Amino acid sequence: MTITGFLQKLQHDGNYRGQISHVETIAAREAEYGTLQEPLPDAIARSLAESGIERLYSHQVEAIDAIRRGRNVVVVTGTASGKTLCYNIPVIERLLEDPTAKALYLFPTKALAQDQFKGLVRLAQLEPSLAELVRTGTYDGDTTRHTRRKLRDEGNVILSNPDMLHAGILPYHAKWNRFLKDLKYVGVDEIHTYRGIFGSNVANVLRRLRRACEHYGAEPQFICSSATIANPKELAERLVGEPFEVVDRDGSPRGTKHFVLWNPPYLDSSKMERRSSNVEGHWLMAQLIAEGFQTIAFGRARVVAELIYRYAKDSLRRLKPEYAEKIRSYRGGYLPEERREIERQLFSGELMGVASTNALELGIDVGSLDAAVIVGFPGTIASVWQQAGRAGRASDESLAVLVGYNDPIDQYLMRNGDYFFRQTPENAVVDPENKYILAKHLRCAAFELPLTERDENLFGEMTEPIVNLLEELEDLKELDGRHYWSRAEFPARSVNLRTVSDDTYAIVDVARDNSVIGVVDGVSALELVYPEAIYLHEGETYFVRELDLEQKIAYVEKKEVDYYTQPVLESAIRMGEASESKRWNGSDVFFGDATVTWVTSAFKKIKFYALDSIGWSNLDLPPFHLETKSLWVVPSKGVMDEIRSHGRNPVEGLVGVRNVAISVLPLFSMCDRRDIGGIVDSSNTGSPTMFLYDRFQGGLGFVETGYREVEELLRGCLDLVSACDCEDGCPSCVGLPVLRPPIQQDPDAAGGWPIPDKESARLLLTAMIEH
């Protein structure tokens with residue numbers, strides 16, 4: 001059966017009630033090949049031929065020729081377009097010319113590094129001379145002490161991640177001197193994931209790497225790859241601090257892709273509730289697999305991936321029993337050996353389907369898939385296309401389906417298909433010279449090598465004032481024009497690149513001698529494995545008997561139940577002392593300390609296959625506190641009354657302003673939208689107040705910029721709202737939900753935030769600016 005035939009069959013199924021709201025057909029594309037200016041060495045050509053590659057795509061040729069010319073290159077092409085060869089070929093070619101050469105590959109996740117390691121080994125082992133030449137391995141937190149030492153001393157292609165480079169390699173660069181002095185290439189994969197705070201941290205780690213290499217007389221080339229984003233050249237140059245050439249004309253073939261927007265039907269004539277999106281998603285997945293289409297389904301949270309897997313497995317037992325055991329779930333929190341086995345099964349074709357979180361959104365090679373079912377808008381246009389790109393290889397026809405939740409943003413996309421398909425992917429923003437982030441990395445850099453005036457060329461013009469401040473704080477000591485680290489502690493240990501909790505909870509099965517079946521980070525633990533929760537693992541239900549907060553262990557036991565649980569999260573903000581304040585156009589504007597608090601206060605039981613709550617219990621868990629910096633704006637009573645005089649709700653307008661301000665502030669403060677939070681609250685000041693805060697302990701200066709440029713910020717908000725051609729509000733202006741949802745919550749059971757009234761926001765902004 002063809003994909004077109006499958007879609008026609010769906011529309012004649014008894015379960016079909018007009019769910020298809022839009023179909024976009026993306027035309028097939030023929031392969032475009034190229035010819036290298038100089039042919040490949042025979043050994044590489046033979047290895048490629050053994051793997052079935054006789055010719056290189058045009059983008060591969062363009063990248064390899066540029067790398068041969070000594071250029072830094074960023075390759076921006078589709079999923080499964082052969083980006084990996086763009087750095088593997090030049091690296092192996094250089095090793096053939098100079099066996100002492102070295103290469104370092106950096107990946108955002110350990111799983112991706114493991115996957116690329118297997119691909120490199122496969123390529124090398126197809127040719128005996130290459131198998132002897134390429135000495136490679138992964139260097140990460142799972143690598144044994146013996147293997148680490150062997151790789152450091154003997155490896156010539158090492159695969160790692162920015163975290164290990166930051167804390168496990170650069171502080172010990174003297175032990176790595178033989179590797180660093182011969183380092184010729186640094187490959188940085190999936191750079192679109194390096195955005196916001198994480199990307200700004202990684203940019204400084206890469207500058208520290210360049211500094212250490214220079215110390216040993218090396219000047220490596222950088223080879224980057226990225227998914228489609230709006231600004232790949234700018235991002236690569238901001239990350240590395242050097243000029244880049246962009247290779248973005250994709251020469252790989254692509255079959256016809258049918259992209260369907262699928263809106264679950266209403267349950268009744270009141271048109272308030274829709275059929276469960278998870279149920280719709282699993283039904284689509286099961287129907288596809290039953291017809292022989294290898295399928296991946298994406299869920300926005302771990303619980304969603306588990307539910308889709310459980311439901312699809314039940315359906316396949318009825319539809320196609322032989323396929324029921326050929327699907328798996330995949331997500332963070334599984335043990336590494338479990339994830340590796342699922343990846344192997346998917347790549348080899350043993351599995352017909354997998355239900356996953358965005359853990360499989362990145363470029364892990366999972367073989368040839370026919371269809372991708374995306375349950376819920378994942379938050380960015382770029383992520384949708386990444387997930388959709390997991391289906392469709394070479395010239396085969398493929399299908400992508402975006403299933404909408406019954407929340408305002410998803411429903412807007414379902415109603416406005418043209419809006420979705422004409423949107424360009426988002427910009428990725430980093431700010432390596434953010435003074436808070438840079439200060440942390442200058443401390444690390446001083447520990448590695450004394451800081452000198454030349455370091456301003458690497459770290460930027462903020463270097464000198466920050467170094468002077470660190471000297472005043474007695475972190476650094478100046479001697480003969482150099483600044484040395486003067487403390488006993490190890491600075492890299494206190495710098496977390498990803499801004500997530502370092503705490504990890506083990507999930508142990510009491511019925512299996514307390515064997516560990518999974519792990520979860522400290523923040524998520526309080527939303528996933530609280531007492532009496534149902535923990536879903538590979539579709540099975542486990543009852544949480546106890547959560548030991550001191551030992552960081554969740555004790556669970558398998559228990560057959562007909563429900564799952566969802567956390568009820570309460571959040572609040574408490575303003576601290578304002579360090580600065582001003583009167584602006586009649587509104588009061590403040591900048592200062594604030595504490596944002598989240599707590600899992602209760603949980604509810606949700607019946608499988610339905611959205612009915614069948615029970616509710618309170619919880620007594622410790623809150624999570626974020627001590628940060630906040631900007632808060634209190635509109636004057638006159639402004640609020642003016643909005644009421646137009647028959648509009650000024651508080652709803654303020655919520656809309658909050659939403660759009662989080663989209664506009666990154667234009668002023670060089671951060672990612674996800675680095676900022678916002679709350680509209682009256683309990684702190686007695687009047688409706690908009691709070692914007694940095695989502696980082698201690699703050700990073702993002703909202704401080706907003707305070708300094710509050711008029712420009714709000715004028716930017718008004719310009720964006722006024723220019724948007726929607727009537728009542730949409731995701732491009734006032735509609736984007738920005739409150740922090742429970743990390744482990746099923747959007748199906750939670751609903752979403754309503755899109756605020758656009759006109760209320762426009763009137764409020766106009767009144768505040770012109771008052």
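In this predicted model, seven strands form an open sheet with mixed pairing, in the order S1-S11-S16-S15-S12-S14-S13. Strand S1 (20–26) and strand S13 (327–330) are the edge strands, and each of them pairs on one side only. Direction ignored, neighbouring strands of this sheet are turned by 15 degrees against each other on average. Within the sheet, strand S12 (residues 295–299) and strand S14 (residues 353–356) run parallel and are joined by four bridges. One position to look for is threonine 295, which stands opposite glycine 353 in S14.

Two helices that lie across this sheet help a newcomer to find their way. Helix H15 (residues 381–388) lies across S1, strand S11 (257–262), S12, S15 and strand S16 (398–403), and runs at about 145 degrees to S15. Helix H13 lies across S12, S13, S14 and strand S15 (371–375), with a direction at about 175 degrees to S13. H13, which covers residues 302–319, also lies across strands of another sheet, namely S20, S21 and strand S22 (540–548), and there runs at about 65 degrees to S21.

That other sheet is open, has five strands in the order S20-S19-S23-S22-S21, and shows mixed pairing. Strand S20 (515–521) and strand S21 (534–537) stand at its edges with a single partner strand each, so one side of each has no neighbour in the sheet. From one strand to the next, the twist averages 35 degrees. Strands of a sheet pair through backbone hydrogen bonds, either parallel or antiparallel. Here, strand S19 (residues 504–509) pairs with strand S23 (residues 553–558) in the parallel sense over four bridges, whereas S22 and S23 run antiparallel and are joined by six bridges.

A few residues make this pairing easy to trace. Alanine 506 has isoleucine 553 in S23 as its bridge partner. Tyrosine 555 in S23 has valine 508 opposite it, and glutamate 546 also stands opposite tyrosine 555.

The hairpin of S22 and S23 has four residues between its strands. In the loop between S22 and S23 sits lysine 552, which has a positive phi of about 60 degrees although it is not a glycine. Most residues other than glycine have a negative phi, and most peptide bonds are trans. Lysine 552 counts as partly exposed, at 25% relative accessibility. Glutamate 532 is likewise not a glycine and has a positive phi, of about 75 degrees. Glutamate 532 belongs to the loop between helix H21 (522–528) and S21, and its relative accessible area of 41% makes it partly exposed.

Two further helices are worth a visit. Helix H12 (residues 277–290) has 14 residues, which at 1.5 Å a residue should span 20 Å, and its end C-alpha atoms are indeed 20 Å apart. Because 14 of the 14 residues of H12 are buried, this helix is largely enclosed by the rest of the structure. The N-terminal end of H12 is capped by serine 276, with a side-chain oxygen 3.3 Å from the backbone nitrogen of asparagine 278. Just after H12 comes glycine 292, with a positive phi of about 95 degrees.

Helix H10 (residues 196–215) has 20 residues. From its first C-alpha to its last, H10 reaches 29 Å, close to the 28 Å expected at 1.5 Å a residue. H10 is mostly covered, with 18 of its 20 residues buried. Glycine 217, just after H10, takes a positive phi of about 85 degrees.

In soluble globular proteins, nonpolar side chains tend to be buried together. The largest nonpolar core here holds 114 residues, and those that touch the most other members are Tyr105, Val157, Phe259, Leu360, Leu692 and Leu714. For leucine 360, the residues touched are Ile296, Phe298, Tyr330, Leu346, Val354, Val366 and Arg390, leaving aside residues up to four places away in sequence. Another core, of 44 residues, lies apart from the largest one and includes Tyr16, Leu288, Val304 and Met352.

Definitions and conventions: Residues are numbered from 1 along each chain as its sequence is written. This is a predicted model: local features need pLDDT of at least 70, side-chain atom pairs count only at pLDDT 80 or more; totals for chains, interfaces and linings use all residues. Side-chain values use heavy atoms; hydrogens and water are left out. Two strands pair if DSSP finds at least two bridges between them. Axes are lines fitted to C-alpha atoms, for helices over the stretch in contact, and angles run from 0 to 180 degrees between N-to-C directions. Contact means heavy atoms within 4.5 Å. A nonpolar core is a set of buried Ala, Val, Leu, Ile, Met, Phe, Trp, Tyr and Cys residues joined through side-chain atoms within 4.5 Å. Buried means under 20% relative accessible area, exposed over 50%, partly exposed in between (1.4 Å probe, protein chains only). The expected span of a helix is 1.5 Å times one less than its number of residues. A polar contact is a pair of N or O atoms within 3.5 Å; within protein, one must be able to donate a hydrogen and the other to accept it, and residues adjacent in sequence count only if both atoms are side-chain atoms.
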